[in-house]
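What can be learned by following one chain from helix to helix, and from the helices to the charged side chains that they carry? The paragraphs below take the reader through these topics in turn.

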Amino acid sequence: MSWGLKINMQGCYKTSSLGAVSVGWNRRTFPSLRSSRLRICAVKAQPETVQKVCDIVRKQLALPAESELTPDTKFSALGADSLDTVEIVMGLEEEFGITVEEDGSQNISTVQEAADLIEKLIQDKSGAS
């Protein structure tokens, strides 16, 4: 029995030394798997960005200054609901001078995801200038 792997490179791009890779599978090549899509984003946020995100999350959720937040901290674990998450995103947009599209904001659930998205949007913004 042999397995086929189909790599879908459509929509992939590379800017400067950072980039993104999309890998897609479909039922014809992996009959035992459901259709799925894996997206790996190579943008890794700077520690300063992660710290700013932590500060904004603390402010938006009225958390004590001594509350420990890590890059893996989930907003939901802090008691944030969907409205809180929207307010966090708005705070991030204001702080970093970016615009987060709705589909991008729906994928943010941790401090690291928010920081990585910010770095990507800043990079895209500076590349478009």
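A helix here is a DSSP run of H or I that is at least four residues long, and helices are numbered from the N terminus. With that in mind, the reader can place E119, which lies in helix α4; the model in which this is seen is a predicted one.

Helix α4, which runs over residues 111–128, has 18 residues and reaches 26 Å from its first C-alpha to its last, close to the 26 Å expected at 1.5 Å a residue. Many names appear on the list of its buried residues, among them V111, A114, L117, I118 and L121, and charged residues such as D116, E119 and K120 are on that list as well.

E119 deserves a slower look, since it is buried and yet has no salt bridge. The nearest side chain of opposite charge belongs to K52, and it is 8.8 Å away, whereas a salt bridge requires a side-chain nitrogen of Lys or Arg within 4 Å of a carboxyl oxygen of Asp or Glu. What, then, does E119 touch, if residues up to four places away in sequence are not counted? Its contacts are V43, K44, A45, Q46 and T49, and for Q46 there is a further detail, in that the backbone nitrogen of Q46 lies 3.4 Å from a polar atom of the E119 side chain.

From here the reader can turn to the charged pairs. Side chains of opposite charge can pair when their charged atoms come close. In this structure there are 3 salt bridges. K52, already met as the nearest opposite charge to E119, forms a salt bridge with E95, with 3.9 Å between the closest N and O atoms. Because K52 lies in helix α1 and E95 in helix α2, this pair ties together parts that are 43 residues apart in sequence. K52 counts as partly exposed at 38% relative accessibility, and E95 is also partly exposed, with a relative accessible area of 44%.

Another salt bridge joins the side chains of D55 and R58, at 3.4 Å from N to O. These two residues are 3 residues apart in helix α1, which means that about one helical turn separates them. D55 is partly exposed at 41% relative accessibility, while R58, at 15%, counts as buried. In helix α4, the side chains of K120 and D124 meet in a salt bridge at 2.7 Å, N to O, and these residues are 4 residues apart, about one turn of the helix. Here K120 is buried, with a relative accessible area of 15%, and D124 is partly exposed, with 30%.

The next element to consider is helix α2, which covers residues 82–96. Its 15 residues should span 21 Å at 1.5 Å a residue, and its end C-alpha atoms are indeed 21 Å apart, so the expected and the computed spans agree. Buried in α2 are D84, T85, I88, V89, G91, L92 and F96. Because they cover an arc of only 160° around the axis, these buried residues are on the same side of α2. On the other side of α2, L83 and E94 are exposed. What do the buried residues of α2 pack against? Their partners are α1, α3 (102–105) and α4.

The contact between α1 and α2 can be followed further through Q60, which lies in helix α1 and is partly exposed, with a relative accessible area of 27%. Leaving aside neighbours within four places in sequence, Q60 is in contact with E87, I88 and G91. The C-alpha atoms of Q60 and V89 are separated by 9.7 Å, although these residues are 29 residues apart along the chain.

Finally, the surroundings of α2 hold a few backbone details. At its N-terminal end, D81 acts as a cap, with a side-chain oxygen 3.1 Å from the backbone nitrogen of L83. After α2 comes G97, whose phi is positive, near 65°. Most residues other than glycine have a negative phi. A62, however, has a positive phi of about 55° although it is not a glycine. A62 is found in the loop between α1 (47–60) and α2, where it is exposed, with a relative accessible area of 68%.

Terms used: Residues numbered from 1 in each chain as written. Predicted model: local features only at pLDDT ≥ 70, side-chain atom pairs only at ≥ 80, totals over all residues. Heavy atoms only, no water. Buried < 20%, exposed > 50% of the residue type's maximum accessible area, 1.4 Å probe, protein only. Expected span 1.5 Å × (residues − 1). Arc of directions from axis to C-beta. Contact = heavy atoms within 4.5 Å. Polar contact = N/O pair within 3.5 Å; in protein donor to acceptor, adjacent residues only side chain to side chain. Lys, Arg positive; Asp, Glu negative; His and termini not counted.
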